[in-house]
Amino acid sequence: MGADSTNLFGALFDTPPVRQVVPVLVPLPAPGPYSYAMPEGMYVEAGSVVQVPLGPRQVIGVVWDGDNDESVDPKKLRPITLAFDCPPLSAEMRRFIEWVASYTLSPPGLVARMAIRAPAALEPEPMIEGLRYVGGQPERMTPARTRVLQQVNEDVPWTRMGLAHAAGVSTSVIDGLTQQGLFETVFLPPPPVVAKPDPDYTAPRIEGPQKEAAREIVDLVKQGGFSSSLIDGVTGSGKTEVYFEAIAETLRQGKQVLILLPEIALTSSFLERFQDRFGAKPGEWHSDLSPRIREKVWRGIVTGEVQVVAGARSALFLPFENLGLIIVDEEHDPAYKQEDRVFYNARDMAVVRARIGDFPVVLVSATPSVESQVNAQAGRYHLVHLPTRFGEAALPDLHLVDMRRHPPERGGFLSPVLLRAIGKTIEKGQQSLLFLNRRGYAPLTLCRVCGHRFQCPQCSSWLVEHRFRNQIQCHQCGYNEPTPEACPECGTFDHLVACGPGVERIAEEVERHFPAARTIVMSSDLLGGVKRLRLELEAIERGDVDIVIGTQLVAKGHNFPLMTLVGIVDADLGLANGDPRAAERTFQLLSQVTGRAGRTGLKSHGLLQTYQPQHPVMQAIVSGDPGAFYEREITERERAILPPFGRLASVIVSAETRADAEVHARGLRAAAPPVSGISVLGPAEAPLALVRGRHRFRLLVHGRRTSEMQAFLKTMVSQGPKVRGSVHVQIDIDPQSFL
């Protein structure tokens, strides 16, 4: 918006406002805002949330920054239908939306949509009906009525249900007293969705290195202004308690805090730790919330009533009233990358939002990303290092199990070395964790007679057998069918064989060796969803389980007091692809999983089954020297000019036919401008060449760190073939997935 923006919206007019042209950003993949007329008597400003007509329907939009287009006659424009009674999006938030849209090459309307995705919260919550005692006595006193009158006084209003519950009576008792005139009806504001956290509710539980680390972070918060910090600490080192002190200082300053977590729907233990420290839980923001709760949380955030939010990556786009600190916990986690509609990395965008808002951001991880390590080494991030576990806890002793020397029995997947360790752990009354990052029973089912492999009809991926549900399922599109009894190719019965293990198959093997053990399987695709997973986590913490078999869900920062053995079933699994981040991700995941053991001081062990014991990742994990691994990985990235020393962008072209996708992809390649320092690789069929019935071709754009990647891509797309028919082009800046 120009310098005369207040004049544009009539803020300085004493005379009745005239019909004016207003730019409105609508939640569509349009390149910019549309022009609407502002009706007489309505006042809106930049950031106001409005309802506007778009074709035959009404949509929610945001009044955007921009100069008044004097060439447009307001009388020819459709008017704004409604201006919602909620605070406008701040200039800071609008600038952030535009920055994300520009960086990711996404339509700004789709980015803005993430900030206003709770439409029912745009109007104030209605008042709720309450009762106030006005004095007097009932015609006939009963014990129930006596209890009610003992609870009330003339100054404090009650809700009908609240008073009945407090007095231990039915609501009919309250209704009878109301009919006799002892209560009058009043209207009360709706209760807050969460209580206000108290920064001084309990004293911090930190000592030694943790106290010094907390002082460094708190000093940055006190100084104010933008700063970016990285808390790098081994698992169980007290990183959470350290950043809790930064949160406490921010709350004392009267500002809001955003805590990003990769799997907020599963982190009930984190919410309880927060409540123990601050006396109240934070507001939650994730996909598992009911629409009603999401609306209340959104409204509380935009008004400032909700002071702390713990949320998944989408929480980054909530329109905070006075945001003063962002925490990105487990900053290395791939879950922070969104790969749908707007492709963005919440970790990187959190740093941008903090810089735009001029406040601190703190990244936290036991296994930081290579990008964050390089930023810390270069001085762009303030590094806080916690090398030891909190209190008396010690890191587990880690050992490699060479599967060539200690192979499992025929048809099995667990080495005798690991099986003996599990038996000893059960004898001690302690817990074991077996980790395999593969859902279901088996990743592939085939026919012994004709060799037929069960493949998804819509994707180029094998169907995974889920024996617990008696289904074979595609993990790309969700297609599923009952597990067949006969081969559909040759018709032979009883000759289908499951190839390779999933967690369900490992559970079957464990039960065969330890039939009396209490075993539980944790996987995101089991029935019961988040509620079931939380109950299972609580059961593990109580010690009601002997052996836990799980996917990467079990690596998400959980604290299992009795866990003293961690067994990695297939440590090589993540290394078996062409992902340039494969070594880093394998190191991070295995380090996080083995870190679940020994967090309460019990002697603990980690066993990693591998066919590549000399691999640098395996050696780095068991040596206890992550610095050597990072040094090697950083050197290789720098030599290959890969991020963070270079830039990557992925262009995926998909269509209903293979020919259409390939022709368009080749056209884009031919239209790439000749720019020094930027090269285009491909097009080639994507590793997942068919997803949901759409054929996919992929181009990878590689440039130096200083390359103007966005300008290059804009030129390539604009000069390339026009998108026609079923063709769709997706651009992913800084890709995390190479499938």
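In the predicted model, Asn 345 touches Tyr 336, Lys 337 and Gln 736, leaving aside residues up to four places away in sequence. Asn 345 is found in strand β14, which covers residues 342-345. The residue is buried, with a relative accessible area of 9%, which falls under the 20% limit used for that class. A polar atom of the Asn 345 side chain lies 3.0 Å from the backbone nitrogen of Arg 347.

Arg 347 and Gln 736 also appear in the description of the internal cavities. Rolling a probe the size of a water molecule over the atoms shows where empty space is left. Five cavities of 30 Å³ or more were counted, and the largest cavity holds about 110 Å³ of space. This cavity is lined by 14 residues, of which His 332, Arg 347, Ser 369, Arg 585 and Gln 736 are the closest to its centre. The element that gives the most to the lining is helix α16 (residues 582-594), with three residues.

Helix α16 has 13 residues, which at 1.5 Å a residue should span 18 Å; the end C-alpha atoms are 18 Å apart, so the computed and expected values agree. The helix is mostly covered, with eleven of its 13 residues buried. At the start of α16, the buried residues include Ala 582, Ala 583 and Glu 584. Further along, Thr 586, Phe 587, Gln 588, Leu 590, Ser 591, Gln 592, Val 593 and Thr 594 are buried as well.

Helix α13 (residues 416-427) was examined in the same terms. It has twelve residues and reaches 17 Å from its first C-alpha to its last, close to the expected 16 Å. An α-helix has 3.6 residues a turn, so residues three or four places apart point the same way. In α13, the buried residues are Leu 418, Leu 419, Ala 421, Ile 422, Gly 423 and Thr 425. These buried residues pack against one helix, α14 (503-513), and against the strands β18 (431-435), β25 (547-550), β26 (563-568) and β27 (605-610). Just after α13, Gly 429 takes a positive phi of about 75°.

Strand β25, one of the elements packed against α13, has Ile 547 and Ile 549 pointing one way and Val 548 and Gly 550 the other way, and all are buried. Strands of a sheet pair through backbone hydrogen bonds, either parallel or antiparallel. β25 pairs with β18 in the parallel sense over four bridges, and Gly 550 of β25 is the bridge partner of Phe 435. β25 also pairs in the parallel sense with strand β24 (residues 519-522), again over four bridges. In that pairing, Thr 519 has Ile 547 of β25 as its bridge partner.

Strand β9 (residues 256-260) is likewise covered on both faces. Gln 256, Leu 258 and Leu 260 point one way, Val 257 and Ile 259 point the other way, and all are buried. Because five of the five residues are buried, β9 is largely enclosed by the rest of the structure. β9 runs parallel to strand β12 (residues 323-329) and is joined to it by five bridges; Val 257 stands opposite Leu 325 in β12. A parallel pairing of four bridges links β9 to strand β11 (residues 308-311), where Val 309 is the bridge partner of Leu 258.

Lys 255 lies in the loop between α8 (239-252) and β9. Lys 255 is partly exposed, with a relative accessible area of 31%, whereas the residues of β9 are buried. Leaving aside residues up to four places away in sequence, Lys 255 touches Thr 250, Gln 307, Asn 322 and Gly 324. The C-alpha atoms of Lys 255 and Val 308 are separated by 9.0 Å, although these residues are 53 residues apart along the chain.

A further sheet is built from antiparallel pairings. Five strands form this open sheet in the order β2-β1-β4-β3-β5. The edges are taken by β2 (34-38) and β5 (82-83), each with a single partner strand, so one side of each is left without a neighbour in the sheet. Within the sheet, strand β3 (residues 49-54) is joined to strand β4 (residues 57-63) by six bridges and the two run antiparallel. In this pairing, Val 49 stands opposite Val 62 in β4.

Technical notes:
Residues numbered from 1 in each chain as written. Predicted model: local features only at pLDDT ≥ 70, side-chain atom pairs only at ≥ 80, totals over all residues. Heavy atoms only, no water. Expected span 1.5 Å × (residues − 1). Buried < 20%, exposed > 50% of the residue type's maximum accessible area, 1.4 Å probe, protein only. Contact = heavy atoms within 4.5 Å. Pairing = 2+ DSSP bridges. Polar contact = N/O pair within 3.5 Å; in protein donor to acceptor, adjacent residues only side chain to side chain. 1 Å grid on protein atoms, 1.4 Å probe; cavity = no way out; pocket = protein on both sides within 12 Å on 5 of 7 lines; lining within 4 Å. Points joined across faces, edges and corners; volume = space filled by probe spheres on them.
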